[in-house]
Amino acid sequence: MKYANNILETIGNTPLIKLNSITKEIDATVLAKVEYFNPGNSVKDRMALKMVEDAEADGRLKPGGTIVEGTSGNTGMGLALAAIVKGYKLICVSNDKQSPTKFDVLRAVGAEVVVCPTDVPADDPRSYYSTSKRIAEETPNAWYVNQYDNPSNAVAHYEQTGPEIWEQTDGKITHFVVGVGTGGTISGVSKYLKEKNPAIKVWGIDTYGSVFKKYHETGVFDEKEIYPYVTEGIGEDILPENVDFDLIDAFEKVTDKDAAIYTRMLAREEGIFAGNSCGAAIKGMLQLKAHFGPDDVVVVLLHDSGSRYVTKIYNDDWMREKGFLE
Ligand SMILES: Cc1ncc(COP(=O)(O)O)c(C=O)c1O
């Protein structure tokens, strides 16, 4: 018999899928690493499990403990799967910009969800950064995950996602393009790929309203760059320790409207029903087309599933309200 012993054993080994239509204007071979094939429907299952197992191993997470995290949903889902199988409680703290669907999904897998306002500074006591820290301090036997600064986040991608991409492309990958939030995916994958072949170029996809691109180019953390934006999962108003700027060749910014439109195009033209940041990654990669030659192999990582955005990106009324559809 061939079976997994529990849901956690089905994490990883996601497919690499050639894009054929949306990439018409690009000479190179473009391959999508489609991470919604993970059991929690996102790449974050990988790092969630790794963070839990590392915390168990060094005693930060004890039997019967409560896991507390500030998460926009995907990390929460991965943590929820780990919590169920391993017998922990989970409290997820998030913000009101996220799709309500994401919260319903988290509650479905047993998490308690606390929702905070988005439009307050990170150091405001009402922000989801501050609230998650406070709840972790006040809850007995709690462990605060802190995916932004927890090194196990990037290590998961160094150990799994990077090697999978290298093996699936038979070492022929020349460029890696991926959205950046906590930085775990880009830093872990980039470290592995550049160790294998330092010539591989790695681009981070950023949003307008986030500090990454300017910080990478100038070393200046410019608060004037920060304003509310719509795209979910990428861009930050802080500098997470998991973003290793030395492992990133450049950042490219994509507008909220383009991210939304290209997310829909990906579903219609490729049959890949993916999340909001995936449209940003695709559009960012298209903006970079001048860098790719006919022999290049470009891998773009798609973080999550479209199912969490049915009331937003995939809803015409919402798209019109935001001015993204005529
Ligand atoms: C939908 C989505 N896209 C992109 C990202 C960014 O990934 P990372 O945090 O590894 O930089 C995240 C992470 O929160 C996400 O949930």
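Biologist: Which pocket is the space taken by the ligand?

Modeller: This is a predicted model. In it, the ligand takes the space of the largest pocket. A molecule sits in a pocket if more than half of its atoms lie within 2 Å of the pocket's grid points.

Biologist: What makes a residue part of the shell around the ligand, and how many residues surround the ligand?

Modeller: The cut-off is a heavy atom within 4 Å. 14 residues surround the ligand. K44, G181, T182, T185 and S277 are the closest. By class, the shell has three nonpolar, nine polar and two charged residues.

Biologist: Why is the pair between T182 and the ligand called a polar contact?

Modeller: A polar side-chain atom of T182 lies 2.6 Å from an oxygen atom of the ligand. The limit for a pair of N or O atoms is 3.5 Å, so this pair counts as a polar contact.

Biologist: What of N74 and S277?

Modeller: For N74, a polar side-chain atom lies 2.9 Å from a ligand oxygen atom. For S277, the partner is a nitrogen atom of the ligand, and the distance is 2.7 Å. Both pairs are within 3.5 Å, so both count as polar contacts.

Biologist: How much of the ligand's accessible area does the protein cover?

Modeller: On its own, the ligand has 380 Å² of accessible area. The protein covers 97% of that.

Biologist: What volume does the largest pocket have, and which lining residues are closest to its centre?

Modeller: The volume is about 830 Å³. The lining has 47 residues, and K97, Y129, Y229, G235 and E236 are the closest to the centre. By class, 17 are nonpolar, 21 polar and nine charged.

Biologist: Which helix gives the most to that lining?

Modeller: That is α6, with three residues. Elements that each supply at least two residues include α1 (44-57), α2 (74-86) and α6 (184-196).

Biologist: How many cavities of 30 Å³ or more does a search of the whole structure find?

Modeller: The search finds one. About 30 Å³ of space lies in the largest cavity.

Biologist: Why is a space called a cavity and not a pocket?

Modeller: In a cavity a probe fits but cannot get out, whereas a pocket is an open set, so the way out decides the name.

Biologist: What makes Y128 a lining residue of the largest cavity?

Modeller: A lining residue has an atom within 4 Å of a grid point, so Y128 meets that limit. E69, G70, Y129, S132, Y144 and Y148 also line the largest cavity. The largest share, three residues, comes from α4.

Note on methods. Residues are numbered from 1 along each chain as its sequence is written. This is a predicted model: local features need pLDDT of at least 70, side-chain atom pairs count only at pLDDT 80 or more; totals for chains, interfaces and linings use all residues. Side-chain values use heavy atoms; hydrogens and water are left out. A polar contact is a pair of N or O atoms within 3.5 Å; within protein, one must be able to donate a hydrogen and the other to accept it, and residues adjacent in sequence count only if both atoms are side-chain atoms. Accessible areas come from the Shrake-Rupley method with a 1.4 Å probe; for residues, only the protein chains shown count as cover. On a 1 Å grid over the protein atoms alone, a cavity is a set of points where a 1.4 Å probe fits but cannot get out, and a pocket is an open set with protein on both sides within 12 Å along at least five of seven lines; lining residues have an atom within 4 Å of a point. Ala, Val, Leu, Ile, Met, Phe, Trp, Tyr, Cys and Pro count as nonpolar, Asp, Glu, Lys and Arg as charged, and the others, Gly among them, as polar. Grid points are joined across faces, edges and corners, and a volume is the space filled by probe spheres set on the points. Helices (H or I, at least four residues) and strands (E, at least two) are DSSP runs, numbered from the N terminus.
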